[in-house]
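Q: I should like to learn how to read the features of a structural model. Could we work through one together?

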Amino acid sequence: MKVAVAGCCHGALDKMYETLELLQRRHNVRPDLLLCCGDFQAVRNEADLRCMAVPAKYRHMQTFYRYYSGEKKAPVLTVFIGGNHEASNHLQELPYGGWVAPNIYYLGYAGVVRFRGVRIGGISGIFKSHDYRKGHFECPPYNQQTIRSAYHVRNIEVFKLKQLKRPIDIFMSHDWPRSIYHYGNKKQLLKMKSFFRQEVESNTLGSPAASELLQHLKPTYWFSAHLHVKFAAFMQHETNSKEELPKATKFLALDKCLPHRDFLQIIDIEHDPNASDSLEYDAEWIAVLKATNSLVNVTQSTWNMPEKNGLHAKWDYSVTEEAIKEVLEELNHDLKIPCNFTLTAACYDPNKPQKNMEPVHTINPQTTEFCAQFGLTDINDRIQQAKEEGSGRGECEEEEEEEMDSTGSAEEPSEYNTDNSGLSSFNPDEIMLDEEGGDEDLSTCSVDPSPDHPPEFSTSFSDIRIMPDSMAVSSDDAMDSNNEELEKSGGSKQVEEKSSTERSLKRIGGDENGNSGVKKIKRRNQAIYAAEDEDKTH
C-alpha cells in the first residue's frame, strides 16, 4: 500500500490534503494512509491556542477546526503523534490515543495500531531530562512551566514500548533519535543546517530515549520531524545471537508543511491484502497497557522504571502469547477501533471570536470507554481525583505555581547524560515563551486567529516526493566509516536534496553590533522559526 508521510503540519491541514489530491490528479497516485510526525496542532478554539507553547505571533487558528466541526472531512485516514507545539489540553484528553476528528487519529502519549496488517507505533513529545522520570501530572490551565513540560516524553512510555517483542513496521517520533545523523549524509545535513554542528560533533543532537527505542524495536521504517530539514539514513542493527536475522531501519526526517517545501513523502509498504481496511487495535500493545497499568503515575515525583537491579520484585512486563490471546477473546477477535469521535469543546467560529476563552481540564468519553473496556486507569480522572482530594501534585492548583517557578526547572538525576550541549543551558529543542518579543502572561495573552478564508497556496508539485521501493541514503566523499557500512549494504542510492539559500544565523552576546570576544550560537529553534517568516514571502 502507499503511505504518505508528512513532517510538522503546524495546523495546515488544507495544504496537506490539497497536495495529496494534486498527486492523485497528476499522477494517479492515491495514498491509503497519511502519517504526520508531530506539531499537528489540533486547535479547536481560542482556548486551545493558549495551551500551545509558541510565541504569540505563531498562534494562528489554521484549519483543523473545520475538520473538528465536521465542515470538512479528511480525505484519507490520518494518524499522527504529538510534537512540542500542540494544543496540549486537547491531546491530553486522549492519553491512550483516539479520534481528534473523523478520520484523524492520535496515537496518544505512546501507542501501536494496525492498518491493513501493517504495525504502526509512535511516541509523542520531545525529550527533556529533568521531566523524563516524572508522571503525567499536568492539566490545564497550564502555567509557564507546565505548558512546556506537558509535551515532554516520560520514561513510562518508553518502558511500555520496550516491552514489545513482535516486529514493528513503522515507528514515529517527533525529535530524532540521537546519533542517527551518523548513518546518513552528515556533511550535507551540516551544509544545510550549520547550527547543528556543535551538537552533532558532541553527539547531543536528538533524543537518547528515541535512540534507545530504535535499538530495541528495530522497526523497518522510522519517521521523524521537528528540525525542519529533510534527512535520510540507513541503520544496520547488530544481532544479539547467531540465530537472529539481520535487521535494518530506514530513517527519514521530513521538512515542515509550507509552500515550495518538500514536506511529503510517498512510500510503498508491504501489507496483508486480506487484512481489514479499518484502523485496528494492536493486541500485544493492549496487553502491555494492561500489564503496566499499576505503574501509572500522576505526580511530579521522579522515579525509575523497574529494572533487574535487585530493587524490584518484577522488572519484565512483556506479555505472553496467552495474555495476547486473552485480549483477542475480550474483543471477540474484532480489533477494529470504534469510530466514537465526540465533540468535547466548542468549535472556533470566525464570526464570533472569543479571545478570552479559558482552557478547562476535560475527560474525553473516548478515553473513559477505552479504559473501562480494558480495565485501565484513566489518567485524567486520576488527576481530577487528586485535585479534589487536595493531595495531588498536579499543576491544576494555583498555589503550586509559585513553587514550580523555583523548582520546576531543576535538573533531576537521570539515566541519560543529557542537556550538556555547549549551545545553550536551555533545551535547544524548544522555543521558550519568554523569548520572542518579551514575557507573556498565559492568562491574558492575545490570540491571532487566521481569517475564515485565508489566501490559497499555489500548490507546487515539488512538495511531493515518491520514494522508490528501496529507500536509501545519499552519499558523498566525506561520509564517515559508519556510512561506508551503509554503502556495503546496498543502501547508497542517492536521495535528492533541494539546494536552498540558508538564512544567515544570528548570534547573541556582546554589544548591539554583535561584537564580542565569545559568541554564542542562537538557539536552534529560533533559527528554524526565523526562517518561517522568510519562507512565507516566497
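A: Let us begin with a convention: helices are DSSP runs of H or I with at least four residues, numbered from the N terminus. Please keep in mind that the model is predicted. Under this convention, Gln385 lies in helix α14, which spans residues 379-389.

Q: Is Gln385 buried or exposed, or in between?
A: Buried means under 20% relative accessible area and exposed means over 50%, with partly exposed in between. Gln385 has a relative accessible area of 36%, so it is partly exposed. The side chain of Gln385 also makes a polar contact of 2.8 Å with the side chain of Asp381.

Q: How many helices and strands does the chain have, and what share of its residues counts as buried?
A: The chain has 17 helices and 16 strands. Of its 538 residues, 57% count as buried. As for contacts in the chain with a separation of 6 or more, 79% are between residues 24 or more positions apart.

Q: Which residues touch the most other members of the largest nonpolar core?
A: A nonpolar core joins buried residues of the nonpolar kinds through side-chain atoms within 4.5 Å. The largest one here has 116 residues, and Phe40, Ile104 and Phe223 touch the most other members. Helix α11 (residues 283-291) gives the most to this core, with six residues. Leaving aside residues up to four places away in sequence, the residues that Ile104 touches include Leu13, Phe40, Phe80 and Trp99. A second, separate core has nine residues, among them Leu49, Val54, Tyr65 and Tyr348.

Q: Why is α11 described as largely enclosed by the rest of the structure?
A: The reason is burial: seven of the nine residues of α11 are buried, so the helix is largely enclosed by the rest of the structure. Trp285, Ile286 and Val288 are among those buried residues. The elements against which the buried residues of α11 pack include β6 (110-115), β7 (118-123) and α12 (321-330). At the start of α11, a side-chain oxygen of Asp282 comes within 3.3 Å of the backbone nitrogen of Glu284.

Q: Which residue caps the N-terminal end of α10?
A: Ser207 does so, with a side-chain oxygen 3.3 Å from the backbone nitrogen of Ala209. Helix α10 (residues 208-217) is mostly covered, since seven of its ten residues are buried. Leu213, Leu214 and Leu217 are among them. After α10 comes Lys218, with a positive phi near 50°.

Q: Where else should one look for unusual backbone geometry?
A: Most residues other than glycine have a negative phi, and most peptide bonds are trans. Asn28 has a positive phi near 55°, and this residue sits in the loop between α1 (13-27) and β2 (33-36). With a relative accessible area of 66%, Asn28 is exposed. Asn103 also has a positive phi, of about 75°, and is found in the loop between β4 (98-101) and β5 (104-106). Asn103 is partly exposed, at 23% relative accessible area. The peptide bond from Pro140 to Pro141 is cis, with omega near 0°. Pro141 belongs to the loop between α5 (129-132) and α6 (146-149).

Q: How many cavities of 30 Å³ or more does the structure hold?
A: There are eight cavities of that size, and the largest holds about 200 Å³ of space. Of the 19 residues lining the largest cavity, Tyr106, Tyr109, Ser124, Ala150 and Tyr151 are the closest to its centre. Helix α4 (residues 88-92) gives the most to this lining, with three residues. By class, the lining has seven nonpolar, eight polar and four charged residues.

How values were computed. Residues are numbered from 1 along each chain as its sequence is written. This is a predicted model: local features need pLDDT of at least 70, side-chain atom pairs count only at pLDDT 80 or more; totals for chains, interfaces and linings use all residues. Side-chain values use heavy atoms; hydrogens and water are left out. Buried means under 20% relative accessible area, exposed over 50%, partly exposed in between (1.4 Å probe, protein chains only). Helices (H or I, at least four residues) and strands (E, at least two) are DSSP runs, numbered from the N terminus. Contact means heavy atoms within 4.5 Å. A polar contact is a pair of N or O atoms within 3.5 Å; within protein, one must be able to donate a hydrogen and the other to accept it, and residues adjacent in sequence count only if both atoms are side-chain atoms. On a 1 Å grid over the protein atoms alone, a cavity is a set of points where a 1.4 Å probe fits but cannot get out, and a pocket is an open set with protein on both sides within 12 Å along at least five of seven lines; lining residues have an atom within 4 Å of a point. Grid points are joined across faces, edges and corners, and a volume is the space filled by probe spheres set on the points. Ala, Val, Leu, Ile, Met, Phe, Trp, Tyr, Cys and Pro count as nonpolar, Asp, Glu, Lys and Arg as charged, and the others, Gly among them, as polar.
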